[in-house]
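Visitor: I'm new to reading structures, and I'd like to know where the descriptive words come from. Could you show me one and explain the reasoning as we go?

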Amino acid sequence: MTEDRKKASEEQLAYANILNIGMWIGLLVVVVTFIVYVSGVFQSFVPINDLPKYWGMKAKDYIHTLHAPTGWGWAALIGKGDYLNFVGIAMLAGLTALCYLIILPILIRKKDMPYVIIAIVEVLVLALAASGILKSGGH
Amino acid sequence: MINSKKLFKILVIIFSLSLLALFWNLSSFASEGQEVAKEVAKEAVSASSTPWWVWPLSLLIVTFILGILAVLGGVGGGVLFVPIVGGFFPFHLDFVRGAGLLVALAGALAAGPGLLKRNLASLRLALPVALIASSAAIVGAMIGLALPTNVVQTLLGATIIFIVIIMASARKSDFPKVPHPDKLSQSLHIMGIYREESLGKDVEWHIHRTPQGLALFIVIGIMAGMFGLGAGWANVPVLNLLMGAPLKISVATSKFLLSITDTSAAWVYLNQGAVLPMIVVPSIVGIMLGSIVGVKILAKAKPKAIKWMVIGLLFFAGIRALLKGLGIWK
């Protein structure tokens with residue numbers, strides 16, 4: 001019994017395995033797309049030489065001045081060198097939700113209802129954050 | 001004759017002074033860059049004399065050094081990244097915080113699988129805490145992006161100085177006593193056993209004061225999202241000293257926890273346009289390479305001396321953020 005408790009649980013190992021694979025794929029995509037970006041193979045939405053003019057602006061002013069996309073608007077611009085990078089970044093940011101979805105069937109099979117509920121609510125929270133519905137107002 | 005101890009101290013002092021000089025120079029360049037950006041906002045013209053590639057290259061070098069220091073000083077990369085890059089580079093704090101979250105996220109994602117497989121990070125402990133912290137981090141991110149920059153900068157400076165005080169004074173307990181696990185932790189079966197190699201025996205652990213701990217994670221989550229700092233500096237004391245998890249379990253679970261907390265806040269920054277790949281990618285690569293080198297140096301270095309150097313660096317960056325926010329040190 002003690003030996004069993006010393007080992008990581010089935011859901012913990014499943015989470016770790018997906019995290020491991022996804023993290024390496026995500027990092028690889030991040031690095032490769034960045035090399036593509038700075039090499040200038042694809043035209044950028046904001047030309048690299050002009051970027052220093054804008055990176056000192058508040059994000060809201062940056063969006064306003066350049067008519068840059070918000071929310072998932074970047075997905076329509078992945079043909080541009082700079083927005084291509086968002087593919088890898090979104091993969092890293094989406095990995096946690098995927099891990100939760102992977103362990104959910106295991107938790108359901110074990111009838112671990114408190115953690116089933118926690119996992120479902122967490123996925124909903126992450127989906128809400130990722131949806132782009134939430135907007136901050138102010139300055 | 002200079003013995004190795006003295007030589008090491010001299011090297012630490014020279015290294016610290018070099019870093020300060022580097023940041024000072026970056027700061028003067030950065031002021032120029034930010035002035036240029038302000039001009040663009042008004043006139044859409046630029047007169048920057050610094051080529052664009054200088055900044056990502058500088059960022060790569062600085063984050064490489066920060067990656068080494070983070071490992072040696074026992075802190076997360078995010079907590080060093082935001083005040084230092086925000087204080088001494090020309091990028092707006094919105095983009096720095098967005099990058100800070102992704103830097104902390106990448107580090108946590110990289111460390112997570114190993115910690116989970118070795119049963120040091122506890123999924124049962126992390127999941128309820130993460131739900132609270134990640135929800136609060138969304139709120140924090142929205143507040144941070146809505147507030148005026150000088151207010152966020154000032155609050156960031158005050159927070160960093162507070163973190164310095166915690167780092168310099170907080171006690172840690174390897175095996176806190178938990179006489180009676182509380183009802184909530186018992187009903188959620190938050191407990192475990194891990195192999196403590198230094199003692200050569202298995203350690204069984206439980207937690208207590210779970211409701212109080214969860215309540216504190218609301219504050220931690222808001223701060224993580226607001227400042228993009230990562231939150232290991234706060235996670236570990238709460239898990240270890242308040243909730244009674246062993247230190248190793250607390251450190252590992254905290255690291256894993258960041259992968260969930262920072263994810264929710266990172267999405268908010270991403271959706272609000274506060275993520276620039278030109279800042280994010282060199283930072284992630286620099287911190288990760290630095291961490292790998294840091295782990296190798298750790299075997300030979302004196303962590304205590306490095307810890308104080310990191311505390312000094314953080315204090316300097318905190319003062320810089322505070323004075324920048326108050327408009328005293330532009």
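**How the words are earned**

Guide: Let's start with B:R209, which lies in the loop between β2 (201-206) and α8 (210-227) of chain B. What you see is a predicted model, in which local features need pLDDT of at least 70 and side-chain atom pairs count only at pLDDT 80 or more, while totals for chains, interfaces and linings use all residues. Residues are numbered from 1 along each chain as its sequence is written, and chains are lettered from A and ligands numbered from 1 in the order in which they are written.

Visitor: What makes B:R209 count as partly exposed?

Guide: We count C-beta atoms, placed from the backbone: with 20 or more others within 10 Å a residue is buried, with 12 or fewer it is exposed, and in between it is partly exposed. B:R209 has 19 C-beta neighbours inside 10 Å, so it lands in the partly exposed class. Its phi is near 50°, a positive value in a residue other than glycine.

Visitor: And B:N119, why is that one called buried?

Guide: B:N119 has 22 C-beta neighbours inside 10 Å, so it counts as buried. You'll find B:N119 in the loop between α4 and α5 of chain B, and its phi is near 65°, again positive in a residue other than glycine.

Visitor: How is A:I106 classed, and why?

Guide: A:I106 has 19 other C-beta atoms within 10 Å, so it is partly exposed. A:I106 is found in helix α4 (residues 81-109) of chain A. Leaving aside residues up to four places away in sequence, A:I106 touches A:E10, A:E11 and A:A14. "Touches" means a contact, with the C-beta atoms, placed from the backbone, lying within 7 Å.

Visitor: How do you know what counts as a helix or a strand?

Guide: They are DSSP runs, numbered from the N terminus: H or I over at least four residues for a helix, E over at least two for a strand. By that rule, chain B has 12 helices and 2 strands, in the order α-α-α-α-α-α-α-β-β-α-α-α-α-α along the sequence. Of the 330 residues of chain B, 56% count as buried.

Visitor: What makes α9(B) "mostly covered"?

Guide: 9 of the 11 residues of α9(B) are buried. Among them are B:W233, B:P237 and B:L239. The cover over the buried residues of α9(B) includes α3 (77-88), α6 (149-169), α8 and α10 of chain B. Just after α9(B), B:G244 has a positive phi of about 85°.

Visitor: Why is α9(B) called oblique to α10(B)?

Guide: The axes of α9 (residues 232-242) and α10 of chain B come within 9 Å and cross at roughly 140°. Axes are lines fitted to C-alpha atoms, for helices over the stretch in contact, and angles run from 0 to 180 degrees between N-to-C directions. Under 35 degrees is roughly parallel, over 145 roughly antiparallel, 65 to 115 roughly perpendicular, and the rest oblique. That crossing value therefore makes α9(B) oblique to α10(B).

Visitor: What is the hand of the crossing of α9(B) and α10(B)?

Guide: Right-handed. A crossing is right-handed if the near helix is turned clockwise from the far one by less than a right angle, and left-handed if anticlockwise. Residues of α9(B) including B:V236 and B:L239 meet residues of α10(B) including B:V251 and B:L257.

Visitor: Which residues put chain A and chain B together?

Guide: 67 residues of chain B are in contact with 60 residues of chain A. By class, the side of chain B that touches chain A has 44 nonpolar, 18 polar and 5 charged residues. Nonpolar covers Ala, Val, Leu, Ile, Met, Phe, Trp, Tyr, Cys and Pro; charged covers Asp, Glu, Lys and Arg; the others, Gly among them, are polar. One helix pair across the chains is α2 (residues 10-39) of chain A with α4(B), packed at about 145° with axes 8 Å apart. α2(A) passes α4(B) in a left-handed crossing.

Visitor: How do you know how far to trust chain A?

Guide: Look at pLDDT, the predictor's confidence in each residue, from 0 to 100. Chain A averages 92, and 94% of its residues score at least 70. Among the elements of chain A, helix α1 (residues 2-6) has the lowest mean, 65, and helix α5 (residues 113-131) the highest, 97. Where pLDDT is low, the predicted coordinates should not be read in detail.

Note on methods. Contact = placed C-beta atoms within 7 Å.
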